[in-house]
Amino acid sequence: MSTFPVCEDVLDRSVELYQIPDISKALRVPITRVHQMLRDRLLLAVRRDSVVGVPAIFLEFDFEPGRNRILRWVPGLLAVLHDGGYSGEETLTWLFTEDDSLPGTPAEALRGHLAREVIRRAQALAF
């Protein structure tokens, strides 16, 4: 059995999670590849009610062949925060905490025109 990192669930219960088998199917990759993505910190997973899931906002799923992928900015952002010393739980807390200077949370801003601003702020946090 493959082991991969799983964070404590610090997210609000309203944050939707995709389970590992669903991600595997949508991305058309083996489950072990999703495990490797978690080990490589391309994604972060949490355990909620004994089930491992990845925040849905990290993924672009149209559920059409060839159109599903990890949100463009997520792997780089996770790398910046990890390299800056943030744990998985701290990263998730920062990403999913409301920010008055953004419309919503940094995670939500990654889907819009403020994605580069979120990356810039993450870089500033690292110092």
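Of the 127 residues in this protein, buried ones make up 43%. The model is a predicted one, and its secondary structure amounts to 6 helices and 5 strands. The radius of gyration is 14 Å, close to the 14 Å from the globule rule for 127 residues, so the protein is as compact as a globular protein of that length. Here is a friendly tour, from the whole chain down to strand S3 and helix H1.

**Overall layout**

- Following the sequence, you will meet the elements in the pattern β-α-α-β-β-β-β-α-α-α-α.
- The C-alpha trace spans about 40 × 30 × 25 Å along its principal axes.
- Among contacts with a separation of 6 or more, 62% link residues that are 24 or more positions apart.

**Surface and charge**

- About 7,300 Å² of the protein is exposed, and 50% of that area is supplied by carbon and sulfur atoms.
- If you are thinking about electrostatics, there are 15 positive and 18 negative side chains.
- The centres of these two charge sets lie 8 Å apart.

**Strand S3 and its partners**

- Strand S3 covers residues 51-55, and 4 of its 5 residues are buried, so the rest of the structure largely encloses this strand. Buried here means under 20% relative accessible area.
- Strand S1 (residues 17-19) pairs with S3 in the antiparallel sense, over 3 bridges. Within this pairing, Gln19 has Gly53 of S3 as its bridge partner.
- Strand S2 (residues 46-48) also runs antiparallel to S3, and 3 bridges join the two. Here Arg47 finds its bridge partner in Val52 of S3.
- S2 and S3 make a hairpin with 2 residues between them. In that turn, Asp49 has a positive phi of about 55 degrees.
- A general point to keep in mind when looking at side chains: in a regular strand they alternate between the two faces of the sheet.

**Helix H1 and its surroundings**

- Helix H1 spans residues 20-27, and its buried residues are Ile20, Ile23, Ser24, Ala26 and Leu27.
- What do the buried residues of H1 pack against? Their neighbours in contact are S1, helix H2 (31-39), S3, strand S4 (59-60) and strand S5 (69-70).
- S3 therefore appears twice in this picture: it is largely enclosed by the rest of the structure, and it is among the elements that the buried residues of H1 pack against.
- Just after H1 comes Arg28, which has a positive phi near 60 degrees.

Note on methods
Residues numbered from 1 in each chain as written. Predicted model: local features only at pLDDT ≥ 70, side-chain atom pairs only at ≥ 80, totals over all residues. Heavy atoms only, no water. Buried < 20%, exposed > 50% of the residue type's maximum accessible area, 1.4 Å probe, protein only. Helix = DSSP H or I, 4+ residues; strand = E, 2+ residues; numbered from the N terminus. Pairing = 2+ DSSP bridges. Rg over C-alpha atoms; globule rule 2.2 N^0.38 Å. Contact = heavy atoms within 4.5 Å. Areas by Shrake-Rupley, 256 points an atom, 1.4 Å probe, with all protein chains shown as cover. Lys, Arg positive; Asp, Glu negative; His and termini not counted. Charge placed at Lys NZ, Arg CZ, Asp CG, Glu CD.
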